[in-house]
Amino acid sequence: MTVFRSPVNPRRSPMKSFAHTITDPVGLHARPAADLARFAASCASDVHVRKRGADKEVDAKSMLAIMSLGVRTHDAVEFSIEGETEADDAPALRAFCERTF
């Protein structure tokens with residue numbers, strides 16, 4: 001898991017991030033995007049996702065924002081998790097992604 005210093009507050013602990021390759025045969029269409037948004041919403045931390053190689057980063061708590069990335073099978077997505085509970089939220093989100101997509 002990669003860690004980055006928060007650009008907003010450099011004294012704060014590093015944010016957590018990880019990449020995941022989508023294996024779902026149809027990518028992140030409506031159902032898996034809704035599942036991801038629902039799981040991300042259960043996290044107290046801020047959760048963002050972007051398609052690897054793209055500049056656009058979206059709030060992972062929004063199904064429509066996730067779908068706007070156009071993630072297909074075999075695309076890699078990168079998650080960044082920042083907040084008071086990031087140390088717990090990041091591994092839980094990673095495990096969710098591994099068993100779901």
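Ser 80 lies in strand S5, which spans residues 76-82; helices (H or I, at least four residues) and strands (E, at least two) are DSSP runs, numbered from the N terminus. The model is a predicted one, in which local features need pLDDT of at least 70 and side-chain atom pairs count only at pLDDT 80 or more, while totals for chains, interfaces and linings use all residues. Residues are numbered from 1 along each chain as its sequence is written, and side-chain values use heavy atoms, with hydrogens and water left out.

With a relative accessible area of 13%, Ser 80 is buried; buried means under 20% relative accessible area, exposed over 50%, and partly exposed in between (1.4 Å probe, protein chains only). The strand around Ser 80 follows suit: six of the seven residues of S5 are buried, so S5 is largely enclosed by the rest of the structure.

S5 has partners in S2 and S3, where two strands pair if DSSP finds at least two bridges between them. Strand S2 (residues 15-21) pairs with S5 in the antiparallel sense over six bridges, and here Ser 17 stands opposite Ser 80. Strand S3 (residues 46-51) also runs antiparallel to S5, joined by six bridges, with His 48 opposite Ser 80. Both of these residues appear among the contacts of Ser 80 (heavy atoms within 4.5 Å), which, leaving aside neighbours within four places in sequence, are Met 15, Lys 16, Ser 17, Asp 46, Val 47, His 48 and Glu 57.

Val 47 leads on to the nonpolar core, a set of buried Ala, Val, Leu, Ile, Met, Phe, Trp, Tyr and Cys residues joined through side-chain atoms within 4.5 Å. The largest such core holds 25 residues, of which Leu 36, Val 47, Val 49, Phe 79 and Leu 93 touch the most other members. Helix H1 (30-41), S3, helix H2 (63-67), S5 and helix H3 (86-100) each supply at least two residues of this core, and the largest share, five residues, comes from H1. Not counting residues up to four places away in sequence, Val 47 touches Phe 79, Ser 80, Ile 81 and Leu 93, among others.

Turning to the cysteines, the structure holds zero disulfides (pairs of cysteine sulfur atoms within 2.5 Å). The sulfur of Cys 43 is 9.8 Å from the closest cysteine sulfur, in Cys 97, and is therefore too far for a bond. Cys 43 counts as buried at 6% relative accessibility, and Cys 97 counts as buried at 0%.
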